[in-house]
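Subject: Structure handover

Dear colleague,

I am passing on to you the structure that follows, together with a short account of what was found in it. Please keep it open beside the text as you read.

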Amino acid sequence: MGGVVVAKLTNAADMARSVGVDPKAYRQALRNANFSWHKHNDDWIVELDSDEHSSMRTVLVTLLKRKKA
């Protein structure tokens, strides 16, 4: 029997808060990254473990490194 697979989602604000980064600063860094898959003014909501999520994590790690420096 096939069940419905529900994608687990996350968003920029939750990702930022989970590591102590200001969500507004994170969203600005994401906008600055200018990802081709993100449309202007869309919410930063992605499926966990997707390529988009990986891209967002990379930006977050960069912000964390700057914060600690």
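Below I go through the overall layout, one helix pair and one pocket.

Please bear in mind throughout that this is a predicted model. The protein holds three helices and two strands, and these elements follow one another from the N terminus in the order β-α-α-β-α. Measured out along its principal axes, the C-alpha trace spans about 50 × 25 × 15 Å.

Turning to the helix pair, α2 covers residues 23-33 and α3 covers residues 51-68, and the two pack with their axes 10 Å apart at an angle of about 120°. Angles of 65 to 115 degrees would count as roughly perpendicular and those over 145 as roughly antiparallel, so α2 and α3 are oblique to each other. The crossing of α2 past α3 is right-handed. On the α2 side the contact is made by A25, Y26, A29, L30 and A33, which meet M56, R57, V59, L60 and L63 of α3; sorted by class, this contact comprises nine nonpolar residues, one charged residue and no polar ones.

The largest pocket has a volume of about 210 Å³, and its lining consists of R27, L30, R31, N34, F35, H38, K39, H40, N41, D42, D43 and W44. By class, that lining has five charged, four polar and three nonpolar residues. L30 may be worth a look on your screen, since this residue lines the largest pocket and also belongs to the α2 side of the contact with α3.

Best regards

Methods: Residues numbered from 1 in each chain as written. Predicted model: local features only at pLDDT ≥ 70, side-chain atom pairs only at ≥ 80, totals over all residues. Heavy atoms only, no water. 1 Å grid on protein atoms, 1.4 Å probe; cavity = no way out; pocket = protein on both sides within 12 Å on 5 of 7 lines; lining within 4 Å. Points joined across faces, edges and corners; volume = space filled by probe spheres on them. Nonpolar A, V, L, I, M, F, W, Y, C, P; charged D, E, K, R; others polar. Axes fitted to C-alpha atoms, helices over the stretch in contact; angles between N-to-C directions. Helix = DSSP H or I, 4+ residues; strand = E, 2+ residues; numbered from the N terminus. Parallel < 35°, antiparallel > 145°, perpendicular 65-115°, else oblique. Left-handed = near helix turned anticlockwise from the far one by under 90°. Contact = heavy atoms within 4.5 Å.
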